[in-house]
Amino acid sequence: MKIKLTILALAVGLAVSTVRGQSIKDYFIPDSTHNKASFYTPDKTGGRTDMTRTIYYVKKGTTYDITDAKMFSGQPSAIQTITVQFSASEVKMTKSISTTMMETNKKQDYNPPITILKMPAAGQTVNWTFKEISGDNVNCIASWTTINYNGEQRKAIKVIKTYLGLSAKTIEYYVKGIGLWKTEISGDGKTQTFDKFDSLEYDPTAK
């Protein structure tokens, strides 16, 4: 019994130290050889639709500017640029610029910064609430999961977001070295992929 307890304690300690040795930045920002992530929205059969998404990651000293461009038939439907800073376990938004069908270059500063992502401890979940750029309050719960990437099993942070007055939930997956990997919409007993990972690239023009 003592041997089993010792082995269990070592296993738990190893899992905790593994998470502690990582930074949430590893899961939110692609590896240093890439700065552009592309996605598409699949139809019910998995085929491509005219809805795409591109995220650019630009390092600015100790912070990053992240531009998120959503397109329909090659035309932008929404473009948002956020400035983020990192602690070991949190991503905080300090500024945003938003252009949508309803507004152009809406600028906001956040003081104190808004926590938009948290990294849970090993085997645990973490909850928080924040207000999105749109003004919507969102409740979040993050946990660890495993995803299949090109036949390889990888750890990922899974974030379930719920919005006041809406029954549907948004589910996001963040993978080490990739950043955002997939977005799903869940409601009425069904879950559908909304943003499907397409590729990582390096764009030298991104500034």
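**Pockets and sheet of a predicted model**

User: What is the volume of the second largest pocket?
Analyst: This is a predicted model, in which local features need pLDDT of at least 70 and side-chain atom pairs count only at pLDDT 80 or more, while totals for chains, interfaces and linings use all residues. Residues are numbered from 1 along each chain as its sequence is written, and side-chain values use heavy atoms, with hydrogens and water left out. A pocket is an open set of points on a 1 Å grid over the protein atoms alone, where a 1.4 Å probe fits and protein lies on both sides within 12 Å along at least five of seven lines; points are joined across faces, edges and corners, and the volume is the space filled by probe spheres set on them. For the second largest pocket, the volume is about 240 Å³.

User: Which residues that line the second largest pocket are the closest to its centre?
Analyst: Lining residues have an atom within 4 Å of a pocket point. The second largest pocket is lined by 15 residues, which divide by class into six nonpolar, four polar and five charged (nonpolar: Ala, Val, Leu, Ile, Met, Phe, Trp, Tyr, Cys and Pro; charged: Asp, Glu, Lys and Arg; polar: the others, Gly among them). The closest to the centre of this pocket are Ile-29, Pro-30, Asp-31, Ser-32 and Tyr-64.

User: Which element gives the most to the lining of the second largest pocket?
Analyst: Elements are DSSP runs numbered from the N terminus, helices being H or I of at least four residues and strands E of at least two. Helix 2 (25–28) and strand 2 each supply at least two residues of this lining. With three residues, the element that gives the most is strand 2.

User: Which residues lie nearest the centre of the largest pocket?
Analyst: The largest pocket has a volume of about 1,100 Å³, and its lining comprises 19 nonpolar, seven polar and ten charged residues. Several strands each supply at least two of the lining residues, including strand 2 (48–60), strand 3 (63–72), strand 9 (152–163) and strand 12 (190–201). Of the 36 residues in this lining, those nearest the centre are Arg-53, Lys-70, Gln-80, Glu-132 and Lys-161.

User: In what order do the twelve strands stand in the sheet?
Analyst: The protein has two helices and twelve strands, and along the sequence both helices precede the strands. Two strands pair if DSSP finds at least two bridges between them. The twelve strands form an open sheet with antiparallel pairing, and their order is 6-5-4-3-2-1-12-11-10-9-8-7.

User: Why is one side of strand 6 and of strand 7 left without a neighbour in the sheet, and which strand pairs with strand 6 over eight bridges?
Analyst: Strand 6 (106–118) and strand 7 (126–131) stand at the edges and have a single partner strand each, so one side of each lacks a neighbour in the sheet. In strand 6, Lys-118 stands opposite Glu-90. The partner that pairs with strand 6 in the antiparallel sense over eight bridges is strand 5.

User: Which residue takes a positive phi in the hairpin of strand 2 and strand 3?
Analyst: Strand 2 and strand 3 pair in the antiparallel sense over ten bridges, and Lys-60 has Thr-63 in strand 3 as its bridge partner. Two residues lie between these strands. The residue with a positive phi, near 70 degrees, is Gly-61.

User: What is the phi of Ser-73, a residue that is not a glycine?
Analyst: Most residues other than glycine have a negative phi. Strand 3 and strand 4 pair over nine antiparallel bridges, with Phe-72 bridged to Gln-75 in strand 4. Ser-73 lies in the loop between these strands and is partly exposed (relative accessible area from 20% to 50%, with a 1.4 Å probe and protein chains only) at 45%. Its phi is positive, at about 55 degrees.

User: What is the relative accessible area of Asn-150?
Analyst: Asn-150 lies in the loop between strand 8 (137–149) and strand 9. Its phi is near 55 degrees, a positive value in a residue other than glycine. Asn-150 is exposed (over 50%), with a relative accessible area of 69%.

User: Is Ser-38 buried or exposed?
Analyst: Ser-38 lies in strand 1 (residues 36–42). Beyond its neighbours within four places in sequence, its contacts (heavy atoms within 4.5 Å) include Arg-53, Phe-197 and Glu-201. At 11% relative accessibility, against a limit of under 20%, Ser-38 counts as buried.

User: Where is the peptide bond from Asn-111 to Pro-112, which is cis, and what is its omega?
Analyst: Pro-112 has its place in strand 6. The bond from Asn-111 to Pro-112 is cis, with omega near 10 degrees.
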